[in-house]
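Biologist: Got a minute to walk me through this one? I'd like to start with charged pairs and then get to the helices and the sheet.

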Amino acid sequence: MVRKLKLALYPSLVVALLIWLCRASLGQGDADLEAPGLAPFPTTLAGDATTLFQNVRIFDGKSATLSAPSDVLVRGNTIERISAGPITVESNAKLRVIVASGRVLMPGLIDAHWHAFMAATPQLLLMTADPSYLHLLAARQAQATLMRGFTTIRDLGGPVFGLKRAIDEGVMIGPRIYPSGAFISQTSGHGDFRFAFEVPRTLGGPLSHSEVEGIAAIADSPDEVRLRAREQLRNGASQIKLMAGGGVASPYNPIESTQYTEPEIRAAVEAADNWGTYVTVHAYVPRAIRQAVAAGVKCIEHGHLIDEPTAKLLADKGIWWSLQPFTSDEDVLATLSPVSRKKALEVFAGTDNAYQLAKKYKVKTAFGTDVLFDAKIANRQGAILAKLVRWYTPAEALEMATADNGELMALSGFINPYPGKLGVVEEGALADLLLVDGDPLENIKLLEDPDKNLLIIMKDGTIYKNMLPN
Ligand SMILES: [Zn+2]
């Protein structure tokens, strides 16, 4: 009876929803979002404004040295002109001139392995709290992420499609998001966070909590993996994330385990490839990495326990290696279970070797932090980047977090949500820029304190922070 009623109501609900969606579209009713009496964001300029940076020294994302003193003109969301001589622009109401006095202008930072929904929220809360509350926390963290100078993140699992939309529409403040949607995992895989009693799963049966919320998608055959991958693409994923091997924080899989079979991974690869994009996989050990490569994935997340022939394989095949400087230090989650802690120590032991091999074979290496469940560690996003100087020069580390990561973002092909060049300061590139008080090529630790050292943060031509006196 109830079911019949629902069916009868359905068409009118759809019509009502469509009308509401049209009314709620961008640009209409924006005034309603602002609390009365609250001044608009003080340093924000509308996207159609023009900004002239006078007298900056540029780290362009690629060179090991700063440019000579230059002027940079940003019009709309694009870097229009860079000149070693002064640029003159007719002054008008929409022109903002930044007198930079020789300070360093660099590309906005890119984190290639981030979880906007989960980075700063404790795991227990994520598993139990009202989802609407969790989304508000994630939105708050997105703003903090941008204020750390990270203007783009590649999100490797979690429900962030709504957050991305709200940021892109200017409703909320945050970085550009390259979303994966739910990470796809086999039963007992790294994405299986169900309680012990939640098996057996019946095919087509009810979804577990993390699946309903869009964090994980559990799939156990090529057909199921294909379906789940297509669902993420349908909802706006710019790449697909699959769990292809054991992980640290998950309860039911040894770190050494290989997850999925080649045909299962290939099903996701085909779905992604048809959409012009790619699959990236979580994998630590050689066997898991090799199976994923054989199945056609284009990027490996982590890989800390790799061996030399497998590192060479990544280089030979031009596979991206998205590596994190996991080390046994203050940035380790205090709440890890004893089993997870043991697995974490195994991973840490591989970090140095992994970076050495990435360098030795010149594997295309991306920088990411993969912070989970801890606001304090999330706040150290820039400090985690600065750790790369154990293996790289500051210029190399910064290139990885800007130009190189920008190249990886573009791998999402014709569904790239932000077509245009990211991670570089060059004419025609998207205007994501940081003005630094000091020289990060000399002292990368400046990024450890973005509140103090990042004087200007611009994303898409809009200034979100400006500490320079006007
Ligand atoms: Zn991750």
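Modeller: Sure. One cut-off before we begin: a residue is called buried when its relative accessible area is under 20%, exposed when it is over 50%, and partly exposed in between. Also keep in mind that this is a predicted model.

Biologist: Fine. So is R228 buried or exposed?

Modeller: R228 is buried, because its relative accessibility is 14% and the cut-off for buried is under 20%.

Biologist: And what does the R228 side chain meet in a salt bridge?

Modeller: E231, with N to O at 2.7 Å. E231 counts as partly exposed, at 28% relative accessibility. Both sit in helix α6, residues 222-235, and because they are three residues apart there, about one helical turn separates them.

Biologist: How many salt bridges does the structure hold?

Modeller: The count is 18. One of them joins R176 and D460, whose closest N and O atoms are 2.9 Å apart. That pair ties together distant parts of the chain, 284 residues apart: R176 belongs to strand β8 (residues 176-179), while D460 is in the loop between β17 (454-459) and β18 (462-466).

Biologist: How accessible are R176 and D460?

Modeller: R176 has a relative accessible area of 3%, so it is buried. D460 is at 27% and counts as partly exposed.

Biologist: Any pair in α7?

Modeller: Yes, E262 and R266 form a salt bridge there, 2.5 Å from N to O. They are four residues apart in α7 (residues 262-274), so about one helical turn lies between them. E262 is partly exposed at 29% relative accessibility, and R266 is partly exposed too, at 31%.

Biologist: Which residues are joined into one network by salt bridges that share partners?

Modeller: R176, D432 and D460.

Biologist: Back to α7, then. How far does it reach from its first C-alpha to its last?

Modeller: The span is 18 Å for 13 residues, close to the 18 Å expected at 1.5 Å a residue.

Biologist: Which residues of α7 are buried?

Modeller: E264, I265, A267, A268, V269, A271 and A272. The elements covering them include α6, β11 (240-243), β12 (279-283) and α8 (286-295).

Biologist: What follows α7?

Modeller: G276 comes after the helix, and its phi is positive, near 80 degrees.

Biologist: Switching to the sheet. What order do the three strands take?

Modeller: The order is β6-β7-β8, in an open sheet with parallel pairing. β6 (109-114) and β8 are at the edges with a single partner strand each, so one side of each has no neighbour in the sheet. From one strand to the next, the twist averages 15 degrees.

Biologist: How many bridges pair β6 and β7?

Modeller: Four, in the parallel sense, with β7 covering residues 150-155. As an example, I110 has T152 in β7 as its bridge partner.

Biologist: Which helix lies across β6, β7 and β8?

Modeller: That is α13 (residues 394-409), which runs at about 65 degrees to β6. There is also α3 (residues 131-147), lying across β6 and β7 and running at about 125 degrees to β7.

Biologist: So R176 is in a strand under a helix?

Modeller: R176 is in β8, and α13 lies across that strand along with β6 and β7.

How values were computed
Residues numbered from 1 in each chain as written. Predicted model: local features only at pLDDT ≥ 70, side-chain atom pairs only at ≥ 80, totals over all residues. Heavy atoms only, no water. Salt bridge = Lys/Arg side-chain N within 4 Å of Asp/Glu carboxyl O. Helix = DSSP H or I, 4+ residues; strand = E, 2+ residues; numbered from the N terminus. Buried < 20%, exposed > 50% of the residue type's maximum accessible area, 1.4 Å probe, protein only. Expected span 1.5 Å × (residues − 1). Contact = heavy atoms within 4.5 Å. Pairing = 2+ DSSP bridges. Axes fitted to C-alpha atoms, helices over the stretch in contact; angles between N-to-C directions.
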